[in-house]
Amino acid sequence: MTLRSAAGPVWRLGAAAAAVTALAGCGLLSSPAAPAAQGAGEGPGRASPAPSAAASPSCPASPAKFSCAMRARIAAVQAFLRQRPGVVGVVLRDSSTGAVWENAHAQAPIYMASTSKLGMAVTLLMQNQAGVIHLSAEDMSVMHDMLNVSSDTAADTLWFKFGARFYTSYFPRIGLASAEYVSAPGIKPPYWGEMLCPATDLSQVITYVLDDMPASPRDYLVTTLSHVAADQHFGVWGAGRASHPGNKDGWSVEKPGWIIDSVGFAGPRQRYTLAMMNSLNGHGGYHAGTDTLTQVAAILFSGHQVQAPKVSATP
């Protein structure tokens, strides 16, 4: 979580009328039986391509390779985000077609908060697989706490046990090519809790997990991210139970104000990956950020907004 302050302005949330209108116009708010409401569940698995659709008055022409339903949902997300506070970077990827959508802020550097813990876990598991280190049963227990309840104490334990260079030298291999390490009062960089990267880098990390890791560590991470504690039931988790989501979330208060991030997967056999980073820039608080990211996932994978879960900023 990397929460260093309980203070934060309060943002009163409102309905995204433009997003709902866009969905209704594409038939995405009809009954569950309607074909247009299928969206993220289309296809039996990651190897099955999404249905293609030519552009029509009710089907946006882009982004390419996504189904008509998903294109409409992406358009609805764009309309929704225009009403939300701060800067939000989003990257959606469909592994079955290779389709990728990056919004206008996808390459903006934003504090990673606790999403950097996923990069740490990938590094530890891969270096253990290669025989560079040996993860003990205690190490694995600490790593579970770092991912499951987003324990900062667990992250500190693993960061300082193996050393900053152990992680920073490996991070570019897993997609964190643009990571920046910044200082903070009492903290000398590099440190896991003071990192910035764009949503495109976070997308590369979760893609690496699903596409490049050996089966055993990959399955460990998929299972762990699919069963995170309740304080991480926002962001990608907003895809809904039927989409079998898994995520690593992060939240912190930095110089720009509240930071809320989420990265993970959804859909049959983790077909879709989704990375979202929200720097509220002093224009909203914790709940404004978590609701923004939850609603983005809900619109993309269910076709409509949902009631935001009541999650706490502290474990």
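Is arginine 93 buried or exposed, and what is its relative accessible area? Arginine 93 is buried, with a relative accessible area of 15%. The cut-off for buried is under 20%. This is a predicted model.

**The chain as a whole**

The protein chain has 315 residues, and 55% of them are buried. Its secondary structure consists of 9 helices and 8 strands. The accessible surface is about 12500 Å². Carbon and sulfur atoms hold 55% of that surface. Among contacts with a separation of 6 or more, 68% join residues 24 or more positions apart.

**Salt bridges**

Side chains of opposite charge can pair when their charged atoms come close. Here the count is 6 salt bridges. The table lists three of them, including the one made by arginine 93.

| Acidic residue | Basic residue | Closest N to O distance |
|---|---|---|
| aspartate 211 | arginine 93 | 2.7 Å |
| aspartate 94 | arginine 271 | 3.0 Å |
| aspartate 139 | lysine 161 | 2.8 Å |

Take the pair of aspartate 211 and arginine 93, joined at 2.7 Å. This pair links distant parts of the chain, 118 residues apart. Aspartate 211 belongs to helix H7, residues 199-211. Arginine 93 belongs to strand E1, residues 87-94. Aspartate 211 is partly exposed, at 35% relative accessibility. Its partner, arginine 93, is buried.

Next comes the salt bridge between arginine 271 and aspartate 94. Arginine 271 sits in the loop between strand E7 (257-266) and strand E8 (272-279), while aspartate 94 is in strand E1, so the pair ties together parts 177 residues apart in sequence. Arginine 271 is buried, at 0% relative accessibility. Aspartate 94 is buried as well, at 0%. Strand E1 thus supplies a residue to each of these two bridges: arginine 93 and aspartate 94.

The third pair is aspartate 139 and lysine 161. Aspartate 139 lies in helix H4 (residues 137-148) and lysine 161 in helix H5 (residues 152-162). These two residues are 22 residues apart. Aspartate 139 is buried, with 6% relative accessibility.

**Helix H9**

How many residues of H9 are buried? The number is 15 of its 17, and H9 is mostly covered. The helix runs through residues 286-302. At 1.5 Å a residue, H9 should span 24 Å. Its end C-alpha atoms are 24 Å apart, which agrees. After H9 comes glycine 303. The phi of glycine 303 is positive, near 90°.

Definitions and conventions
Residues are numbered from 1 along each chain as its sequence is written. This is a predicted model: local features need pLDDT of at least 70, side-chain atom pairs count only at pLDDT 80 or more; totals for chains, interfaces and linings use all residues. Side-chain values use heavy atoms; hydrogens and water are left out. A salt bridge is a side-chain nitrogen of Lys or Arg within 4 Å of a carboxyl oxygen of Asp or Glu. Helices (H or I, at least four residues) and strands (E, at least two) are DSSP runs, numbered from the N terminus. Buried means under 20% relative accessible area, exposed over 50%, partly exposed in between (1.4 Å probe, protein chains only). The expected span of a helix is 1.5 Å times one less than its number of residues. Contact means heavy atoms within 4.5 Å. Accessible areas come from the Shrake-Rupley method with a 1.4 Å probe; for residues, only the protein chains shown count as cover.
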